[in-house]
There are 4 protein chains.
Amino acid sequence: MVQGTANWNTEITKEWLQSYVDDWVQFYKKETKEGKVASYIPVLKKADPNLLGITIIGKDGMNIQSGDVDTPFTIQSISKIFSFIVACMERGVSYVLDRVDVEPTGEAFNSIMHLEMRKLKKPFNPFINAGAITVTSLLNGKSSEEKLEPIFQLFTKILGYRPCINEDVYVSERETSVRNRAIGYYLIELGYLESALELTLDTYFKQCSIEVTTEDLAKLGLVLANDGIDPQTAEEIIPRNVVRLAKALMLTCGMYDASGKFAAYVGIPAKSGVSGGIIATAPPRVRKETLPFIEGCGIGVYGPALDDKGNSIAGIKLLKHIATKWDLSVF
Amino acid sequence: MVQGTANWNTEITKEWLQSYVDDWVQFYKKETKEGKVASYIPVLKKADPNLLGITIIGKDGMNIQSGDVDTPFTIQSISKIFSFIVACMERGVSYVLDRVDVEPTGEAFNSIMHLEMRKLKKPFNPFINAGAITVTSLLNGKSSEEKLEPIFQLFTKILGYRPCINEDVYVSERETSVRNRAIGYYLIELGYLESALELTLDTYFKQCSIEVTTEDLAKLGLVLANDGIDPQTAEEIIPRNVVRLAKALMLTCGMYDASGKFAAYVGIPAKSGVSGGIIATAPPRVRKETLPFIEGCGIGVYGPALDDKGNSIAGIKLLKHIATKWDLSVF
Amino acid sequence: MVQGTANWNTEITKEWLQSYVDDWVQFYKKETKEGKVASYIPVLKKADPNLLGITIIGKDGMNIQSGDVDTPFTIQSISKIFSFIVACMERGVSYVLDRVDVEPTGEAFNSIMHLEMRKLKKPFNPFINAGAITVTSLLNGKSSEEKLEPIFQLFTKILGYRPCINEDVYVSERETSVRNRAIGYYLIELGYLESALELTLDTYFKQCSIEVTTEDLAKLGLVLANDGIDPQTAEEIIPRNVVRLAKALMLTCGMYDASGKFAAYVGIPAKSGVSGGIIATAPPRVRKETLPFIEGCGIGVYGPALDDKGNSIAGIKLLKHIATKWDLSVF
Amino acid sequence: MVQGTANWNTEITKEWLQSYVDDWVQFYKKETKEGKVASYIPVLKKADPNLLGITIIGKDGMNIQSGDVDTPFTIQSISKIFSFIVACMERGVSYVLDRVDVEPTGEAFNSIMHLEMRKLKKPFNPFINAGAITVTSLLNGKSSEEKLEPIFQLFTKILGYRPCINEDVYVSERETSVRNRAIGYYLIELGYLESALELTLDTYFKQCSIEVTTEDLAKLGLVLANDGIDPQTAEEIIPRNVVRLAKALMLTCGMYDASGKFAAYVGIPAKSGVSGGIIATAPPRVRKETLPFIEGCGIGVYGPALDDKGNSIAGIKLLKHIATKWDLSVF
């Protein structure tokens, strides 16, 4: 195992970083044994719980790949970032935030209760299901294809290819997600849904079923890390104010009801999904004492064995280790 | 009014910053009319609702003072940062976090309900009253004087003088805070209090009654901004990991149940108190395009007219304006 | 107005009772102005808010009719008594009570929250919507017609005719009741529904749309009052233990979240519906000092103007007056 | 064991009833093994969990005693009936009910949560601790002695002797009941307490510590059963409307969060306490088919082994058996 944090600043090379990551992926892989793959969507149960992989992409094109990076997986709740971003781009930030709040919540991601307790108030934030379904209803379009097209275009521009929907997962989600249907009907009653429930849920299940890799997540994270600008083309793909809003949400609400602990111990904007994916971003700012190469990098993690909060159990530990040692915290 | 954000980078001087702040303090002072001074502690009602003042202190000693900076006020909930820091220094971070969580909550700061709903679980975070009272009970010492001494020593080291307790406020808090007593008894039942309730509450009321100025808050913020190091002496006053934990809590839970909106729109670690004070920190990292002088600065604000969440109504708007224009966001 | 409670026992005739009821219907009719007809189902909004009528049927065939007794109305939540009774007769009491509790609740009739707070526990009672929908799912049958047939047979036997479903109300309920659909999906997730949701809800909306008159409710109440036996034929139509269970539920949970007050001030088993109907039962026991003729009578009330709890505003006052003056309380 | 329910009506004697009760006390005594004595007040832990006793007193003086009727025990929550009655007699029913509601609740007896959820609303009912403490604060008097004097006078008149306060239990309650103190401070904040908290709690702990026997409870129950009139002296000791209100509360809220089940399965007004006592009342009305002698009787039960709801585990079963077989249900 690579040793020492002694004179990182002077001797670090990209090869050293790759080797460092390889060591720790190896180390944390055993932690996958402590978790369980998601069971609430039947197809997700088929995932191999022993997998762990990470991709880190830097502003200068550095591309670190380690572990099980070849297995595609569905994006799940990580899609909530991008439906929120697209809704803000299409409808304006204030229109969206009139319909969904940006407050963290101590409740689980699928809570209905808080909607009832808060009576006529809007969903807490776009990352709990009630908020995410509301956001999806705001997307322009009369079919799920139309609604999702701008998300696919965004992904295509950033990833260099157009990702697919995993039909098996989509069908499985559609058939089993009674809780989301309960939330949906509740939202209708509260008056928040702006498109028909079936269309909204169909779109929502499809957006969750988009298939990605850790490299895809790292590329998406890279754009988020750099204020919406793709560092390789210098093109602004997402407006800066929308990206910052999204990253604030990621930091305060991105890891379900472990978000506070992740902010405290890791301190970088990140978002997980129940398939075991995590997207994360390093801050774009330089600290003098920081490692070279990693400023503003994007990170994608995959590890389908989850902890009891629904986050990749080994993925979180790996991210925490790297973020701490490489001093990535925004704080 | 100072115009333009055009060529800030080349022409900014400290005088320009001072003048810019003066203009906007003037501008936002009228917003104080929309708020109300805190009424739940009788003595606080006497505050002049029209006041608004700010102090910004930079790493190089830059000291911008503007508006009503001469009126001392009690620190109130801002003290929760420092009792948490001292408890972590005395007992160790993990000991403290075994007794209080670090999760944000959608509930109001004085909620008992969530304790009951979560049954045997610990208070959500050190910044709601249930968590803060628990933290105060963890401070070493057999009297409130002993318990508070390390906080006073920390303040004395940073401020250059030993602040006083405002006896009127302390007595008023002690006599009127029945809700905190209800919370306290509930905490006893749950088994979280580590010192006697009367001692704990007495200490808590005293720590909330410490009198400070905007300059004091800016100096405290400066040390938090710079990883616990006082830039002028280079002394590490607070361990870096504890400071980062505190700043993560400030960002996720610092502004009561408007914390999420503050993180989204302002994006800097901050903490408010019901007397109308706010402490805030700029990130220690340099962005190339950022204004000079402001990296890692500490900020203290005072404006006793509060909004309906309990935060200084004009203070928040002033902070938001400056943080946005000066690009202070951590995201 | 008929005066005096002085020597009731010696001089009371059925004519006197009729005249007494006429007086007080007249008196309470003005109270309808204080209420509002139900608005959540569009068709119900068409009801004439000024109506107030009552029918009281005695064991010996006494039939007091007063006020607006000719307007048919839909049975709404009053049907929950009879779906519960039929489910108990079909599946056995213990089978039903394994799936729905019999505890009163301080929550509103359409609360989802308590299901979530109680986690895996069953709905509080058969009279809140979550419990009623669960009960309807337990009815035997593969179509709503099959499921409802035993309820219609029960009604036909007691009423002497087979009531109809009001198609307009049924269609209106089906189209608008998004909250019930939210509850339904939640119940699926909890595992309580024993027939498909669409079938269950369709059956539920139909059972709520059965059209009755005050005389019908009085006849149904008469059978409930007399331990399930029709006094005129001496036939046991409902088993005694099931009737008593139903009446206990009516007393503790029959009037939404005003059930406790109704038990305290009126003290007779009763159940209201949002169309403005109320069914009530006098106790079958004789008190020496009680008025003649009224032992074990059944009562039907109609007054579509509702109070803020969803109960007929004038109907409740009329019932309270009569129950108090005639000493009908079970206590 | 006494057999048969065959020809009860013709052959029942008081001796037969005594023998019947003896048999079933014997039978249910083994159920005490399934329960546990209350542990939250240390002194209560000393009770012998194997005890089970019952006293039934009839209007004509019939006095059935069976099992462990000689052990005195503290009245605990059963006192809430009598503090409520005395408060109504002193202040008027409407004054009391303006400060405490009469709605059942699905929550546990010591819940604070519902107070917070209902914001400024009053406690649900006089039998949860929040309501009972409010009621005790309404009692006239400047000392606990003065406040309790009318309760003692009521007891003395009914029991024929003045009961004592068990000092050990009182001291133990006072020292350990932090939850009640939390509730008390919460009530102060809501503005419901009409006497100082310490005085109120001191009075409350004392009223709970009054020592009684099953015979005492049966005598108290006898007066409640008969509309407030002592059948042996024909004196009205409690106004009829207050008694009926109390019995409605007993039926809807008397057995903690098993009240609904007790109403459904047993169907008589009853109230339990954590020491293992239960007071119950038979209805004052005659049914033709009912057993002789038992009309309007009062019942006292003692069995300190509790079920998980806090009710005497064997006592409830014994009461249910007798109430069912003797047809005591009010329904």
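Me: Before we get to the helices, what makes a crossing left-handed?
Reply: A crossing is left-handed if the near helix is turned anticlockwise from the far one by less than a right angle. Keep in mind that this is a predicted model.

Me: OK, so which hand does the crossing of α9(B) and α9(D) have?
Reply: The crossing of α9(B) and α9(D) is left-handed. Those are residues 178–190 of chain B and residues 178–190 of chain D, with axes that come within 8 Å and cross at roughly 165°.

Me: And how do α9(B) and α9(D) run relative to each other, parallel or antiparallel?
Reply: Roughly antiparallel, because angles over 145 degrees count that way, and α9(B) and α9(D) cross at roughly 165°.

Me: Which residues make the contact?
Reply: From α9(B) you've got B:Val178, B:Arg179, B:Arg181, B:Ala182, B:Tyr185, B:Tyr186, B:Ile188 and B:Glu189. On the α9(D) side they are D:Val178, D:Arg179, D:Arg181, D:Ala182, D:Tyr185, D:Tyr186, D:Ile188 and D:Glu189. By class, that contact of α9(B) with α9(D) has 10 nonpolar and 6 charged residues, with no polar ones.

Me: Switching to chain C. At what angle do α3 and α7 cross there?
Reply: Helix α3 (residues 79–91) and helix α7 (residues 144–159) of chain C cross at roughly 110°, and their axes come within 10 Å. That makes α3(C) and α7(C) roughly perpendicular to each other.

Me: Who's touching whom in that contact?
Reply: α3(C) puts in C:Phe82, C:Ser83, C:Val86 and C:Glu90, while α7(C) brings C:Pro150, C:Ile151, C:Leu154 and C:Phe155. The residues of the contact of α3(C) with α7(C) split into 6 nonpolar, 1 polar and 1 charged.

Me: New topic, cysteines. How many disulfides does the structure hold?
Reply: 0, over all chains. Take B:Cys208, which is in no disulfide: the nearest cysteine sulfur belongs to B:Cys164 and is 17 Å away. B:Cys208 is buried too, at 2% relative accessibility.

Me: Why is there no bond between D:Cys253 and C:Cys253?
Reply: The sulfur of C:Cys253 is the closest cysteine sulfur to that of D:Cys253, but at 11 Å it's too far for a bond. A disulfide needs the two sulfur atoms within 2.5 Å.

Me: Is D:Cys253 buried or exposed?
Reply: Buried, with a relative accessible area of 8%.

Me: What about backbone oddities: what phi does B:Asp227 have?
Reply: A positive one of about 60°, although B:Asp227 is not a glycine. B:Asp227 is found in the loop between α11 (214–225) and β5 (229–230) of chain B, and B:Asp227 counts as buried at 7% relative accessibility.

Me: And C:Gln76, where does that lie?
Reply: In the loop between β3 (73–74) and α3 of chain C. C:Gln76 has a positive phi of about 50° and is not a glycine either. At 2% relative accessibility, C:Gln76 counts as buried.

Me: Last one. Where is B:Thr281, and what is it in contact with?
Reply: B:Thr281 is in strand β8 (residues 277–281) of chain B and is buried, with a relative accessible area of 1%. Leaving aside neighbours within four places in sequence, B:Thr281 is in contact with B:Gly221, B:Leu224, B:Ala225, B:Lys247, B:Met250, B:Ile268, B:Pro269 and B:Cys297.

Me: How far is B:Thr281 from B:Arg91?
Reply: Their C-alpha atoms are separated by 26 Å, with B:Thr281 and B:Arg91 sitting 190 residues apart along the chain.

Methods
Residues numbered from 1 in each chain as written. Chains lettered and ligands numbered in written order. Predicted model: local features only at pLDDT ≥ 70, side-chain atom pairs only at ≥ 80, totals over all residues. Heavy atoms only, no water. Buried < 20%, exposed > 50% of the residue type's maximum accessible area, 1.4 Å probe, protein only. Axes fitted to C-alpha atoms, helices over the stretch in contact; angles between N-to-C directions. Helix = DSSP H or I, 4+ residues; strand = E, 2+ residues; numbered from the N terminus. Contact = heavy atoms within 4.5 Å. Nonpolar A, V, L, I, M, F, W, Y, C, P; charged D, E, K, R; others polar. Parallel < 35°, antiparallel > 145°, perpendicular 65-115°, else oblique.
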